[in-house]
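Let's walk through this model together, one question at a time. Keep the sequence and the 3D view open while you read.

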Amino acid sequence: MQQRLYAPIYHALFEHAQRKSVSFHVPGHHHGEALLYALQQMGLQSYDLLHHYAPIMELDLTELSSTDDLHHPEAAIKEAQQLAADCYGADETFFLVGGSTSGNLSLLLAVCDPGDLVIVQRNVHKSVLNGLALAGASAVFLAPEHEPITHLPVVPSIEQVEQALQKYPEAKAVFLTNPNYYGMGVTLEPYAEVCHRHGKPLLVDEAHGAHYGFHPQLPASAIRAGADGVVQSTHKTLPALTMGAMLHIRGGRIDRTKLKEALAMVQSSSPSFPIMASLDISRAIVGTLGPALYEHVLGAIRQFREWLAESRLIIASPDIPLTSSRRMIYDPLRLILTDARGILTGYELQRELEALGCYTEMADPSFVLLVSGPHAGDSALPRLKEALLQIHHKHQRQREEASSQRMVGINLKRFNTKELGMGEPVSFARERRKSRTMKRVPLREAENQLSGEMVIPYPPGIPIVYVGERLTAHHIETIIGLSEAGAKFQGAADESMNTIAILIEEIG
């Protein structure tokens, strides 16, 4: 007998669509009938719209007696969220239709009142900073440690977290990001133990780890490691629609009433039912298949990395372990590629791959990041091999002297943020910022000034400097190096980063 995938939200939507009922409610496409009528009036028979767009509308419903309400779940959504909590090892799980951003905002609004302090690692997503601003809170930033092979930043050391908790006992929580964009992180049990010993909740942005814990070769999830609140971008690594995410809660250190109030504030009152259904389906898939879902792709990735090493192409993968250690964790589904000669930047390698039909997740001055799914072993990885061979043959005959003149890659060791250490409290209260006067100055002349804008290379969306932070030579060197290598910046008015806004007056 064929196994049935049990996903209560999806089934509620499907059963409603099967009734062929007449819609006198929002959304305005009315099961897609309004679209079909408009196309008929225009005399159009668009294959793309009729076969790819219109079917989505059949499941795009609103809060009905047959569908449930995300902000007051009593039926299918309530059941789906409890199934997700059971699957992930949480006490309670909340579906998010605004991505991990909405989860990060809600966690901070739940644990902070205006003026409260949170201990935060420096290399967090910009949504964490926005959450601090919405809460009117202050942050003490901790410099990250660095992964020993690539020198990419991960979380702060456990010793630094302990020191911060001792120095700032009034802190309301510790907020970490684990893993980083590249799938690197640390085992979180010791961090949870330290936070709980000081009576503080551990909040974790685990956006890139929604698949963690579902195979022995994958890292353990933060919620099972003892974290109190964990946000996961389900759409990043599981078959959920974009903006679909989950917030997992465990224990009693987070006020659930305040959290639900915060979720109601930051999430739409008209949430997307297709997104919620995709979360439900993703949970059903990993809960049903478990390790079997990843067995094939993990073997294929191991073979791919062995092929890459044996082929001695100009493109290589850093010698990153495929399995986690007692302290450092690695996501084997993430591939990092680099030009072994240091000639092509990550951005240039990314463009070469795109020209051959392989679109990657992101690039930085040195690396290209590729995110694999459970299907990748059948078609995606073989196509990647073909692309890398073509790039190799295209560039291997370059003259050595020309190559040496094009060494433009950034030495990531130069931009080690560990030297920033533990910062002083920085207020994100908006009333302290809105009346400040700013002016623009050349970036190279901005050392020791207070930054008037947040500078964010994107992707991955991690701010180098935030409003009100004092600019150091290290900040300036990092920004200049990334700009010269071709990085794009958000937050800054001058995209060339030749100038930067500084604060010349601080109110209060």
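Before we start on charges: Lys and Arg count as positive and Asp and Glu as negative, while His and the chain ends are not counted. The place of a charge is taken as NZ of Lys, CZ of Arg, CG of Asp or CD of Glu. A bit of housekeeping too: this is a predicted model, where local features need pLDDT of at least 70, side-chain atom pairs count only at pLDDT 80 or more, and totals for chains, interfaces and linings use all residues. Residues are numbered from 1 along each chain as its sequence is written, and side-chain values use heavy atoms, with hydrogens and water left out.

Q: How far apart are the mean positions of the positive and negative charges of the chain?
A: The chain has 45 positive and 56 negative charges. Take the mean position of each group, and the separation comes out at 3 Å.

Q: Which radius of gyration does the chain have, and what would a compact globule have?
A: The radius of gyration is taken over C-alpha atoms, and the globule rule is 2.2 Å times the number of residues to the power 0.38. With 508 residues, that puts a compact globule near 23 Å, and the chain agrees with this at 24 Å.

Q: What does the C-alpha trace span along its principal axes?
A: Here we look at the extent of the chain along each principal axis. The spans are about 65 × 60 × 50 Å.

Q: How far apart are the C-alpha centres of domain 1 and domain 4?
A: The domain bounds come from an automatic or database domain assignment. It gives domain 1 (8-59), domain 2 (76-290), domain 3 (292-402) and domain 4 (436-503). Between the C-alpha centres of domain 1 and domain 4 there are 47 Å.

Q: How many helices and strands does the chain have?
A: Helices (H or I, at least four residues) and strands (E, at least two) are DSSP runs, numbered from the N terminus. Counted that way, the chain comes to 16 helices and 19 strands.

Q: What share of the residues in the chain is buried?
A: Buried means under 20% relative accessible area, exposed over 50%, and partly exposed in between (1.4 Å probe, protein chains only). Of the 508 residues in the chain, the buried share is 55%.

Q: Why is helix α5 said to be largely enclosed by the rest of the structure?
A: Helix α5 covers residues 99-111. Its buried residues include Gly99, Leu105, Leu108 and Val111. The helix is called largely enclosed because its buried residues number twelve of the 13.

Q: Which proline follows Val26 through a cis peptide bond?
A: Most peptide bonds are trans. The bond after Val26 is cis, with omega near 5°. The residue on the other side sits in the loop between α1 (8-18) and α2 (33-41), and it is Pro27.

Q: Which residue does a cis peptide bond join to Asn178?
A: Omega is about 5° for this bond. The partner is found in the loop between β4 (174-177) and β5 (184-186), and its name is Pro179.

Q: Is His31 buried or exposed?
A: His31 lies in the loop between α1 and α2. Its phi is near 65°, a positive value in a residue other than glycine. With a relative accessibility of 16%, His31 counts as buried.

Q: What relative accessibility does His151 have?
A: His151 has its place in the loop between β3 (138-142) and α7 (158-167), and its phi is near 65°. His151 counts as partly exposed, at 24%.

Q: Which residues are in contact with Gly183, leaving aside its neighbours within four places in sequence?
A: Gly183 is found in the loop between β4 and β5 and is buried, with a relative accessible area of 2%. Contact means heavy atoms within 4.5 Å. The partners are Tyr212, Ile329, Tyr330, Asp331 and Arg334.

Q: What separates the C-alpha atoms of Ile504 and Thr437?
A: Ile504 lies in the segment after β19 (499-503) and is in contact with Thr437, Met438 and Lys439. Ile504 and Thr437 are 67 residues apart along the chain. Their C-alpha atoms are separated by 5.8 Å.
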